[in-house]
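This report concerns a single molecular structure, shown here with its sequence. Please keep both in view while reading.

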Amino acid sequence: MKEYKKRMVKIIQYIDNNLDTELSLEIVSEIGAYSPFHFHKIFKLIIGETLQSYIFRKRIEKSAFYLSLRKNLSIKDIYLNVGFSSHSDFNKAFKKYYGKSPSEFRKITPEKFHTISQIHRKNGQVDTVFDQYICNIENLLNWSTMNLKIKVTDLPEMNLASVMSLGIANVESSFNVLIDWAKEKQLFPRENLKMISVYHDSFKVTSADKVRIHACMLLDKSLEKQDGEVFPETLEAGKFIVGSGELTLAEFEQSWVSLFLWMKENGYTTRKAFPFEIYHSNFKEHPEGKMVVDFCIPIN
């Protein structure tokens, strides 16, 4: 199973980086050095859905994200960017998934939404639901001021050792795999060790059981090659909004929501990179279950 997961990391990265190209069973299976027949079964076993279902979902979710947050992009730019060749095909697929056309979806999307999800009604129709902020905007901004120290700063390039997790429930086990690997390499424990979670999907459009999160460890130098489930990853240097605080795990979601709201209120926009968390302490060693953490949003 470890060898399967190792190959699957390469395959998932290829799919996510090439949504605008042809992603047939033959092409994708070749990336993982599988025969198409065996790959079809292995992919569903490990990922929990078929290859085409995964590709379709990623394309639609990414387009929903763009429609909601990149309103300067035309619908044509969006559907071409996620691998649809025509407006009619995109319109049909999007409406099947969210119950509304892309233009209707963009029009009704609140500027400051929290998550987008699907509800299947008894008659089989799909409706789009926007879960609004738990608190109003003023309360969220006050919360972030009281609980986070927010700054805009440049962060250096970071070399990581990473383990892929599919679903929020599997993150802890991914960190355990990473730590076991680091112990063998005599990289754990050590002074000033930083653990990081990199979010390769957005909870705004991807359900918690399918979101892809990389459990990572910051290294002094880049990992030369993949070693079992552990693979090299690089976070490029750039400009970030960084919100720092000592918080419980239960406060993480509110921290992200309030930080993105702070970004909007202060006129910043996200750039094409992944947000991440840097952990400076272990919540298991704190009497109240708190940890010191940086929430990092890449911005233009």
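The sections below describe a strand, its pairing partners and the nonpolar cores of this predicted model.

## Strand E8 and its surroundings

Strand E8 spans residues 238-248, and eight of its 11 residues are buried. Because of this burial, E8 is largely enclosed by the rest of the structure.

## Pairing partners of E8

E8 pairs with two strands considered here. With strand E3 (residues 149-155) the pairing is antiparallel and extends over seven bridges; in E8, Gly238 stands opposite Leu155.

Strand E10 (residues 290-298) also runs antiparallel to E8, and nine bridges join these two strands. Phe295 in E10 stands opposite Gly243.

## The largest nonpolar core

The largest nonpolar core comprises 32 residues, and the most contacts inside it belong to Leu178, Met195 and Phe295. Two or more residues each are supplied by the strands E4 (158-166), E5 (195-199), E6 (212-219), E8 and E10, and by the helices H9 (171-184) and H10 (252-265). Helix H9 provides the largest share, with six residues.

## Contacts of Phe295 and a separate core

Phe295 therefore merits a closer description, as one of the residues with the most contacts inside the largest core. Beyond its neighbours within four places in sequence, Phe295 is in contact with Ile241, Val242, Gly243 and Leu247, and with Phe252, Ser255, Trp256 and Leu259. Leu148, Phe276 and Glu277 are also in contact with Phe295.

Apart from the largest core lies another core, of 19 residues. Its members include Leu19, Leu23, Ile47 and Leu51.

How values were computed
Residues are numbered from 1 along each chain as its sequence is written. This is a predicted model: local features need pLDDT of at least 70, side-chain atom pairs count only at pLDDT 80 or more; totals for chains, interfaces and linings use all residues. Side-chain values use heavy atoms; hydrogens and water are left out. Buried means under 20% relative accessible area, exposed over 50%, partly exposed in between (1.4 Å probe, protein chains only). Helices (H or I, at least four residues) and strands (E, at least two) are DSSP runs, numbered from the N terminus. Two strands pair if DSSP finds at least two bridges between them. A nonpolar core is a set of buried Ala, Val, Leu, Ile, Met, Phe, Trp, Tyr and Cys residues joined through side-chain atoms within 4.5 Å. Contact means heavy atoms within 4.5 Å.
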